[in-house]
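Welcome, and please open your viewer with side chains switched on. We will go from stop to stop, selecting a few residues each time.

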Amino acid sequence: MKTRAKVLVVSTFLMFCPLMEAQAGAIYPINRATMLTGGRFDFKVEFDSILGEGDVKVLINGRNYRDVFGKSGEWIPNEDNLGASSLIVRDVYLSNPGNYQVVVNAKGKMEQVTWLAYAPASQPKVKNVILFIGDGLSVAHRTGARIMSKGITEGRANGRLTMDEFPYAAFLGTSGTDSIATDSANSMSAYMTGHKSAVNAMGVYVSRAKDSLEHPRQETMGELIRRTSNKSLGIVSDAEIEDATPAAVVAHTRLRSDYAEIVNQFYAIKPDVLMGGGSLAFLPKSTPGSRRNDEVNYIDKFKAAGYEFVTNAAELKSKSKGAAKLLGLFHTGNMNGSLDRRILKHNVSSGFQNQPDLTEMTAAALDVLSKNKDGFFLMVEAALIDKFTHPLDWERAFYDTIMLDKSVAIAKAFAQNRNDTLIIVLGDHTHGISIIGTVDDSKPGIDGREKVGTYAEAGFPNYKDSNGDGYPDTPNVSKRLATFISNHPDYYETFRPKMDGTFTPAVSDGKGGYIANEAYKNVPGAVFRQGNLPRSANQGVHSVDDMVAQGWGPGAEVLRGYMENVELFRVITDAMALGHEKK
């Protein structure tokens, strides 16, 4: 494995005429890339054949690339024995704002890309930014959470979510360099680097390198904060903390499954607050279930670096206020959802019954981070919205959307009278989920389809919140939301919540495909739904719909109209005026 410096990456796949004898196969950063002046990245040019370094000329705005970047690159005569050469220059930056034209000439054959560099904002608008990610958060999640939590009477909501009160909003396109359909790694990476990437990748442009850690890098938000500011950094999730969304704040890898390597990168950056599940990637390989291939104990390493380490809600409550740095690992895998933890309780692993709520983790993170007079950046992810929507378990997803909103309320209460904090709420991608009416058990009918009411037949659901905690007492009421997901495998639709555990719509057929799970076949009213996904799919997939981003506080006013997801990086960096040399 090659030695890896802390570098950034930018990549661009270009289409070239197949009759060329020799040409650049790809240039990174890619065409139309935008970047912060001073922001670090890796510059790479890939060729389609083996060339000599003297056969190639690389100019940036008419100047030799060495003069622009102040360094020479590494010439790779036969990269990974793939029969083609490459040039890579690690950890470079552009000094001046403006347009840049990159021209690559290989034996007389020429290709080019253009970049735009912009300067850091001259003055900060805020000291703090709190970014809430509802993984997979779609419009229906917000609507369902509002109806279930607040109720609706005669067509008017009986109350609003906290995020409903945010005055600024924009639609964000989420597509990546390789597909219109994105995943969490690629989409969160766009927010955290300002560069597009590909499915399963974060903090890199996907090149032809075989090693998942050797692709050209892009500087992440976490790295930028550490390099150019004295601000604190916090990362909170109820997924495994190495999962795509939290990892993308700091990580560089082609494969989001590189959990052990991601923990290494967390330790290199050392966020002041790091909380979630996924402790098995921190523990040495001799630990049963460990996801490491070495005997390094990263929990011990973080503790030795001055971190207060907590493993449950009680410890979090007692130790967070006095902590300067905080590591919380509350589950070996993903944490459990709010419906199962708060109401049903049966689906919570016996070893993890005292898991904190996302609201508690948000409050604790603010306690620690707000001690820094220079401010902070905090990312909070409600990951299970996505992880429940994939298996078509929308009730659990809606409960966790309520939990996300309650966490937003804590952040807003923190920022309410300060005028120095920007709060942004959005998802990383969407799901094809819609509410179409209600399911009414009082309606006659042999199957559940006859109990679905639409238009005037829908009326209103009858969820109750007896204790006023904002969560319905149960999702299993007699008249409930009729919610469906547009893409799915073969499965049995039961038209009712899965009270015994998370829905498993399809199971393996033993031949590489999936069939409807017959455990639900005999549920009263269940009907078979033929899938519209390939038979290799066992659950729903993300949609390509635009993402709704909402903002509150100074700097949020720039959220308007249609924006590309990479533009959120500039919204955040401009708000805090990140990118100037650290004082």
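Does arginine 208 count as buried, partly exposed or exposed? Arginine 208 counts as partly exposed, because its relative accessibility is 21% (buried is under 20% relative accessible area, exposed is over 50%, and partly exposed lies in between, using a 1.4 Å probe and protein chains only).

Before moving on, a word on the model. This is a predicted model, in which local features need pLDDT of at least 70 and side-chain atom pairs count only at pLDDT 80 or more, while totals for chains, interfaces and linings use all residues. Residues are numbered from 1 along each chain as its sequence is written, and side-chain values use heavy atoms, with hydrogens and water left out.

**Stop 1: around arginine 208**

Keep arginine 208 selected and add glutamate 79. The two form a salt bridge, with their closest N and O atoms 3.1 Å apart (a salt bridge is a side-chain nitrogen of Lys or Arg within 4 Å of a carboxyl oxygen of Asp or Glu). This pair links distant parts of the chain, 129 residues apart: arginine 208 is in the loop between helix 3 (184–193) and helix 4 (221–228), and glutamate 79 is in the loop between strand 7 and strand 8. Helices (H or I, at least four residues) and strands (E, at least two) are DSSP runs, numbered from the N terminus. Glutamate 79 counts as buried, because its relative accessibility is 3%.

**Stop 2: two further salt bridges**

The whole structure has 28 salt bridges. Select aspartate 42 and arginine 90 to see one, at 2.9 Å from N to O. Aspartate 42 lies in strand 4 and arginine 90 in strand 8 (residues 86–92), so this pair ties together parts that are 48 residues apart in sequence. Aspartate 42 is buried at 0% relative accessibility, whereas arginine 90 is partly exposed at 24%.

Now select glutamate 557 and lysine 125, whose side chains meet in a salt bridge of 3.2 Å, N to O. Here the partners are 432 residues apart: glutamate 557 is in the loop between strand 30 (547–552) and strand 31 (562–564), and lysine 125 is in the loop between strand 10 (109–118) and strand 11 (128–134). Glutamate 557 is partly exposed at 31% relative accessibility, and lysine 125 is partly exposed at 38%. To return to the first stop, add Lys44 and Glu46 to Glu79 and Arg208: salt bridges that share partners join these four into one network.

**Stop 3: aromatic pairs**

How many aromatic pairs does the structure hold? There are 19 (rings of Phe, Tyr and Trp, the last by its six-membered ring, pair if their centres lie within 6.5 Å; planes under 30 degrees apart count as stacked, over 60 as edge-to-face and the rest as tilted). Select phenylalanine 47 and tryptophan 75 for a tilted pair, 5.7 Å centre to centre with 40 degrees between the planes. Phenylalanine 47 lies in strand 4 (residues 41–47) and tryptophan 75 in strand 7 (residues 74–76), so the pair ties together parts 28 residues apart in sequence. Both phenylalanine 47 and tryptophan 75 are buried.

Next, select tyrosine 267 and tyrosine 298, an edge-to-face pair at 5.5 Å centre to centre and 70 degrees between the planes. Tyrosine 298 is buried, with a relative accessible area of 10%.

**Last stop: a charge over a ring**

With tyrosine 298 still selected, add lysine 301, which lies over the face of tyrosine 298 at 5.6 Å from the ring centre (NZ of Lys or CZ of Arg must be within 6 Å of the ring centre and within 35 degrees of the ring normal).
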